[in-house]
Amino acid sequence: MVKERARILVVGGGYVGMYTALRLQRRLKRELGRGEAEITVVTPDPYMTYQPFLPEAAAGAISPRHVVVPLRRVLDRCHVVIGEATRIDHAERTATVSTLATGEEGTGGRRIAYDELVLAPGSVSRTLPIPGLADHAIGFKTVEEAIGLRNHVLEQMDIASSTRDPAIRDAALTFVFVGGGYAGVEALGELEDMARYAARYYHNIRPEDMKWILVEASGRILPEVGEEMGRYTVTELRRRNIDVRLETRLESCADRVAVLSDGSRFPTRTVVWTAGVKPHPVLAATDLPLNGRGRLKCTAELAVDGAAHAWAAGDAAAVPDVTAREPGRECAPNAQHALRQARILGDNVVHSLRGEPLETYAHKYAGSVASLGLHKGVAQVYGRKLKGYPAWFMHRTYHLSRVPTFNRKARVAAEWTLAGLFKREVVSLGSLEHPRAEFELAAGGKPSQDPPHNPKGSS
């Protein structure tokens with residue numbers, strides 16, 4: 001039993017936030033039923049996105065609704081608040097939250113008091129002051145962006161098929177991806193595969209007409225799978241006529257022209273930015289200790305260093321890697337660590353409430369898998385290197401085992417099975433981003449040409 005009534009606040013409903021809250025509601029089931037504990041989850045979305053499946057959602061291999069997990073259904077014993085934590089005063093044990101109703105009420109942010117704090121807000125895209133980036137680039141971190149990017153690519157093929165202007169056609173069929181990590185390489189591989197398949201249904205577009213360009217500032221891509229597999233990936237992408245530019249930076253994309261540091265200029269209507277992430281801004285609005293990279297300083301028990309009753313994991317936390325040979329190493333901010341950290345974090349919060357010894361987080365990195373499109377992939381797992389179909393199959397098997405809930409596992413497996421029996425869907429539903437346009441026009445109004453304000457949506 002807990003020593004006294006505990007109010008637990010979980011900031012973030014992503015991978016770490018959802019799994020921590022799920023662990024807490026299981027371990028504290030009796031206390032929650034007796035009213036001795038309560039769990040509040042503050043999250044900007046009512047769902048958790050399984051980000052490793054975003055490339056397949058963008059390619060149409062998985063329905064977008066199956067890569068998200070509804071939090072209210074999974075966390076049925078938690079109080080889910082849809083909003084953004086804007087400030088956390090841990091000394092006073094209060095968090096200021098801006099909810100969907102804040103603007104309507106006009107009363108300012110809502111203050112939530114807590115006894116135990118779990119910070120798992122995740123990360124946001126790391127951008128640079130590049131001319132035209134904010135106006136023309138598309139991110140690839142949310143399910144909305146994945147859907148928008150798929151619709152956008154197919155829309156560009158429609159434009160190229162119908163225009164008589166060769167300059168417009170060339171720009172529409174040029175796709176520039178910036179960033180050679182998981183997100184960039186997997187998104188590029190899946191979308192190029194999808195567009196290559198879709199080209200068979202266009203009478204005047206061949207796969208060779210499209211230009212796919214990957215821009216990476218360092219000298220290698222996919223560092224997580226090792227140098228050898230990274231070189232193999234570059235070779236495979238180039239065999240597919242994908243232009244891979246290493247040690248190259250995007251200097252401008254103003255006026256829909258991508259200008260690279262090697263002097264190349266590509267008129268393009270598609271720039272996808274996947275060049276890294278940074279800690280969530282809410283961390284800077286706390287009175288908790290941060291390291292030089294803006295992440296929370298944590299102990300191996302996933303407690304915030306020097307701050308009692310505060311816990312963190314995932315992208316927001318700098319957790320020491322106790323399995324590393326070199327002192328001072330930190331756990332990589334990836335899904336492999338996040339899932340395991342969430343389990344230990346939830347257990348340690350319960351241990352703390354019950355006055356029990358805490359557990360140390362220790363996990364030796366097992367390896368990485370990456371998809372490069374249908375039946376193509378690379379992997380390095382426990383020192384073994386795989387490529388092609390075996391790596392792709394391992395990628396699907398691993399992530400199917402990790403996607404939350406049996407419901408989602410069954411739905412994803414069913415979709416993959418049906419995809420193997422029937423042809424791909426190559427329909428653009430870009431009108432979903434402007435659902436009122438047709439009605440406004442019919443009602444005599446002028447439909448807006450600009451997408452509704454949505455900081456998480458696509459451009």
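1. Let's start close to the N terminus, keeping in mind that this is a predicted model. Once you set aside residues up to four places away in sequence, Arg-5 touches Gly-35, Glu-36, Glu-38 and Asp-115. Arg-5 sits in the segment before strand E1 (6-11). Is Arg-5 buried, exposed or partly exposed? Its relative accessible area is 45%, and partly exposed means between 20% and 50%, so partly exposed is the right label.

2. Now hop over to Glu-192. Arg-5 and Glu-192 are 187 residues apart in sequence, and their C-alpha atoms lie 54 Å apart in space. Glu-192 turns up again in points 4 and 5, in the contacts of Trp-212 and in a cavity lining.

3. Helix H9 covers residues 182-198. Its 17 residues, at 1.5 Å a residue, should span 24 Å, and the end C-alpha atoms are indeed 24 Å apart, so the two values agree. Of those 17 residues, 14 are buried, so H9 is largely enclosed by the rest of the structure.

4. Next, the nonpolar interior. The largest nonpolar core has 113 residues, and the members touching the most others are Leu-75, Leu-119, Met-157, Phe-177 and Trp-212. Helix H11 (residues 335-354) contributes the largest share of this core, 8 residues. There is also a second, separate core of 15 residues, with Leu-133, Ala-137, Val-176 and Val-178 among them. As for Trp-212, its contacts beyond four places in sequence include Val-153, Phe-175, Phe-177, Leu-188, Leu-191, Glu-192 and Ala-195, along with Asn-241, Ile-242 and Asp-243.

5. How many cavities of 30 Å³ or more does a search of the whole structure find? There are 4. The largest cavity has a volume of about 50 Å³. Its lining is made up of Glu-192, Arg-196, Pro-207, Glu-208, Met-210, Trp-212, Arg-240 and Asn-241. By type, that lining divides into 3 nonpolar, 1 polar and 4 charged residues.

6. Last, the second largest pocket, which holds about 790 Å³ of space. It is lined by 29 residues, and Gly-60, Ala-61, Ile-62, Ala-419 and Glu-425 lie nearest its centre. Which helix gives the most to this lining? That is H13, with 6 residues. Helix H3 (54-59), helix H7 (143-162), H9, helix H12 (389-402) and helix H13 (406-421) each supply at least two lining residues. The lining of this pocket splits into 16 nonpolar, 6 polar and 7 charged residues.

Conventions. Residues are numbered from 1 along each chain as its sequence is written. This is a predicted model: local features need pLDDT of at least 70, side-chain atom pairs count only at pLDDT 80 or more; totals for chains, interfaces and linings use all residues. Side-chain values use heavy atoms; hydrogens and water are left out. A nonpolar core is a set of buried Ala, Val, Leu, Ile, Met, Phe, Trp, Tyr and Cys residues joined through side-chain atoms within 4.5 Å. Buried means under 20% relative accessible area, exposed over 50%, partly exposed in between (1.4 Å probe, protein chains only). Helices (H or I, at least four residues) and strands (E, at least two) are DSSP runs, numbered from the N terminus. Contact means heavy atoms within 4.5 Å. The expected span of a helix is 1.5 Å times one less than its number of residues. On a 1 Å grid over the protein atoms alone, a cavity is a set of points where a 1.4 Å probe fits but cannot get out, and a pocket is an open set with protein on both sides within 12 Å along at least five of seven lines; lining residues have an atom within 4 Å of a point. Grid points are joined across faces, edges and corners, and a volume is the space filled by probe spheres set on the points. Ala, Val, Leu, Ile, Met, Phe, Trp, Tyr, Cys and Pro count as nonpolar, Asp, Glu, Lys and Arg as charged, and the others, Gly among them, as polar.
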